Amino acid sequence: MSNELNGAPELALEWHRAGRGAVLATVVETWGSAPRRVGAQMVVSGDGQIEGSVSGGCVEGAVMVEALEALEDGRGRLLEFGVSDGDAFAVGLACGGTIRVLVEPVGAVLNEKVLADLVLARSERRAVAYVCDPETGGGALVSDGFVERFRMDRSGVEDDGLFVAIHNPPLRVVIVGAVHIAQALVPVARIAGYDPIIVDPRSAFGSEARFPGETILDDWPDEALEAVGLDGRTALVLLTHDPKLDDPALHVALRSEVFYIGALGSKRTHAKRVERLQADGFSDAEIARIHGPVGLDIGAASPPEIALSVMAEMTEVLRKGA
């Protein structure tokens with residue numbers, strides 16, 4: 001799912017149902033230094049309103065014209081544009097490139113029910129892929145297959161010529177323990193595209209003053225994690241050093257689909273953690289999911305450096321696997 005307009009399908013459905021007409025334009029292929037990544041989307045209404053971007057401003061006007069024509073004749077189309085070096089420089093790139101954009105009028109080509117199902121899946125944090133012929137549009141949703149594309153958030157054209165648009169839920173990181181490292185990890189996580197959630201029943205730690213504007217849950221960790229709902233797009237980082245807080249969180253996380261579990265502490269602390277979990281009935285394979293001590297071994301000393309090492313390890317696990 002592109003960050004260019006996270007609400008593109010939702011907006012397209014809203015405009016279509018309001019009777020304004022809606023066209024969804026999606027980048028399906030790029031060459032060179034294309035201004036937007038594959039999967040970036042733009043929505044055009046029947047009265048000419050544009051939201052989102054497929055090229056950072058280089059070809060939006062031309063796409064809008066084609067979109068309005070597509071709305072009129074009820075046919076999808078694949079557009080190809082060469083972005084000149086001058087236009088690319090204007091949007092912050094050193095050189096130009098070529099992009100292909102699929103234009104799909106909602107209703108006539110992009111089935112309203114398919115779009116509604118996509119919007120529903122996104123609201124329920126279910127990963128789905130929209131698969132279609134890039135020449136004509138009008139595809140279907142699938143939730144199986146395309147393992148590598150889902151893991152890498154990488155939309156694109158398959159060897160058989162079909163276009164696959166990946167719609168992954170936003171990444172989240174649940175941080176148990178509102179400590180100094182958490183104060184450094186939250187902004188790093190935000191920069192990397194994660195929505196942070198801080199869990200700490202100790203009100204002196206998890207305060208608005210220490211984490212302004214952030215989501216803070218003051219419940220016991222296991223209750224908080226059950227409420228949050230752990231899935232394959234969620235990472236868990238335990239920073240308390242306190243078994244009374246860490247262990248209940250681990251009991252929930254180890255039986256969930258979270259893609260990353262990291263726990264702060266020395267090797268000795270982690271060995272004791274392993275013993276407790278074994279005594280609680282967890283298998284060696286389940287316990288092996290925990291990255292402890294947390295973070296890549298980069299010699300990190302300060303809280304910001306530890307936060308950097310944690311984010312690096314989370315990224316490695318997300319993109320390369322455990």
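The following points concern a parallel sheet, the helices that lie across it, and selected local features of this predicted model.

1. The sheet. Six strands form an open sheet in the order β12-β11-β10-β13-β14-β15, and their pairing is parallel. Its edges are β12 (215-217) and β15 (290-291), each of which pairs on one side only. Strands of a sheet pair through backbone hydrogen bonds, in either a parallel or an antiparallel manner.

2. Pairing of β13 with β14. Strand β13 (residues 234-238) runs parallel to strand β14 (residues 260-263), and four bridges join the two. Ala 235 has Tyr 260 of β14 as its bridge partner, while Leu 238 is partnered by Ala 263 of β14.

3. Pairing of β14 with β15. These strands also run parallel, and two bridges join them. Here the bridge partner of Ile 261 is Ile 290 in β15.

4. The connection from β13 to β14. Helix α8 (residues 243-253) joins with β13 and β14 in a β-α-β unit, which is right-handed.

5. Burial of β14. In a regular strand, side chains alternate between the two faces of the sheet. Both faces of β14 are covered: Tyr 260 and Gly 262 are buried on one side, and Ile 261 and Ala 263 are buried on the other.

6. Helices across the sheet. Helix α6 (residues 180-191) lies across β10 (171-176), β11 (194-199) and β13, and runs at about 160° to β11. Helix α7 (residues 221-228) lies across β10, β11, β12 and β13, with an angle of about 170° to β10.

7. The loop at Gly 74. Gly 74 is located in the loop between α2 (60-73) and β4 (77-83). It counts as partly exposed because its relative accessibility is 25%, and the partly exposed class spans the range between under 20% (buried) and over 50% (exposed). Beyond its neighbours within four places in sequence, Gly 74 is in contact with Pro 105, Ala 108 and Val 109. The C-alpha atoms of Gly 74 and Pro 105 are 6.5 Å apart, although the two residues are separated by 31 residues in sequence.

8. Aromatic rings. A search of the whole structure for aromatic pairs finds zero. Two rings nevertheless have an arginine charge over them. The charged end of Arg 20 sits over the ring of Trp 15, at 4.7 Å from the ring centre. That of Arg 202 sits over the ring of Phe 205, at 4.1 Å from the centre.

Definitions and conventions: Residues numbered from 1 in each chain as written. Predicted model: local features only at pLDDT ≥ 70, side-chain atom pairs only at ≥ 80, totals over all residues. Heavy atoms only, no water. Pairing = 2+ DSSP bridges. Contact = heavy atoms within 4.5 Å. Axes fitted to C-alpha atoms, helices over the stretch in contact; angles between N-to-C directions. Phe/Tyr/Trp six-rings, centres within 6.5 Å; stacked < 30°, edge-to-face > 60°. Lys NZ or Arg CZ within 6 Å of the ring centre and 35° of its normal. Buried < 20%, exposed > 50% of the residue type's maximum accessible area, 1.4 Å probe, protein only. Right-handed = clockwise from strand over helix to strand, strands pointing away.
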